[in-house]
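Trainee: I've got the viewer open and want to check how the labels on this model are earned. Can we go through them one at a time?

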Amino acid sequence: MNAAPRATDTLANERTFLAYVRTALAFIGFGFVIARFALFEREASLIAHVAFKATGASTAFGTVMALAGIVTGTYGSARYVLTDRALRRSENSPMPAWVAVTGGAIITIIGAIVAVNLYRTQ
């Protein structure tokens with residue numbers, strides 16, 4: 001006989017889902033800002049009458065960030081559903097280790113890209 005999930009567990013699952021949603025929206029928002037930074041640079045160079053060398057890095061990186069937001073939101077939704085089903089069966093549904101490793105690797109790569117680009121612009 002399966003016991004009904006405790007309210008604290010259900011609410012914790014919902015808070016976790018909302019954290020995924022906030023993170024996804026932040027990725028998408030930052031992606032938009034980063035992609036539009038190239039447009040800002042172009043406009044500033046026209047006003048200052050300075051030659052602008054467009055590399056397309058801002059647009060590409062912004063697009064990748066927005067896609068990361070989509071993946072994060074999708075994964076968060078799937079985790080919410082899986083955890084909810086497990087709670088209703090009185091089971092535990094831990095996050096797979098490969099997700100943590102992959103997430104850490106992606107954050108490391110993003111940090112490295114940002115650091116290298118910041119160093120180049122000095």
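Trainee: What makes Arg-89 count as partly exposed?

Mentor: Bear in mind that this is a predicted model. Arg-89 has 40% relative accessibility, and the partly exposed class sits between under 20% for buried and over 50% for exposed. So Arg-89 is partly exposed.

Trainee: Why is the pairing of Arg-89 with Glu-91 called a salt bridge?

Mentor: Their side chains meet at 3.2 Å, N to O. The cut-off is 4 Å between a side-chain nitrogen of Lys or Arg and a carboxyl oxygen of Asp or Glu, so the pair qualifies. Glu-91 is partly exposed too, at 43% relative accessibility.

Trainee: How many salt bridges does that rule give?

Mentor: Three. One of them joins Asp-9 and Arg-6, at 3.4 Å from N to O, which is again within 4 Å.

Trainee: What are the exposure labels for Arg-6 and Asp-9?

Mentor: Arg-6 is at 55% relative accessibility and the exposed class starts over 50%, so Arg-6 is exposed. Asp-9 has a relative accessible area of 29%, so it falls in the partly exposed class.

Trainee: What about Arg-88, which residue does it form a salt bridge with?

Mentor: Asp-84, with the closest N and O atoms 3.1 Å apart. Both lie in helix α2, four residues apart, about one turn of the helix.

Trainee: Is Asp-84 buried or exposed?

Mentor: Buried: its relative accessibility is 15%, and the class needs a value under 20%. Its partner Arg-88 has 48%, so Arg-88 is partly exposed.

Trainee: Ser-90 next. What stands out about its backbone?

Mentor: Ser-90 has a positive phi of about 60°, although it is not a glycine. Ser-90 lies in the loop between α2 and α3 (97-120), and with a relative accessible area of 46% it is partly exposed.

Trainee: And the other serine, Ser-58: how do you know that it counts as buried?

Mentor: Its relative accessibility is 17%, under the 20% limit, so buried is the right label. Ser-58 has its place in helix α2 (residues 57-88). Leaving aside its neighbours within four places in sequence, Ser-58 is in contact with Ile-34, Ala-35, Phe-37 and Ala-38.

Trainee: Which residues make up the largest nonpolar core?

Mentor: Five residues: Phe-27, Phe-61, Met-65, Ala-68 and Ile-110. The largest share, three residues, comes from α2. What makes a set like this a core is that its members are buried and joined through side-chain atoms within 4.5 Å. As background, nonpolar side chains in soluble globular proteins tend to be buried together.

Trainee: Then which residues make the nonpolar surface patch?

Mentor: Val-21, Leu-25, Ile-28, Leu-67 and Ile-70, covering about 430 Å². The elements giving two or more residues are α1 (7-48) and α2, and the largest share, three residues, comes from α1.

Trainee: How do you know that Ile-70 is accessible enough for the patch?

Mentor: Ile-70 is at 49% relative accessibility, and patch residues need over 30%, so Ile-70 clears that bar. The label stays at partly exposed, because exposed would take over 50%. Ile-70 lies in helix α2.

Technical notes. Residues numbered from 1 in each chain as written. Predicted model: local features only at pLDDT ≥ 70, side-chain atom pairs only at ≥ 80, totals over all residues. Heavy atoms only, no water. Buried < 20%, exposed > 50% of the residue type's maximum accessible area, 1.4 Å probe, protein only. Contact = heavy atoms within 4.5 Å. Patch = residues over 30% accessible without salt bridge, like charges linked within 9 Å, V, L, I, M, F, W, Y side chains within 5 Å. Areas by Shrake-Rupley, 256 points an atom, 1.4 Å probe, with all protein chains shown as cover.
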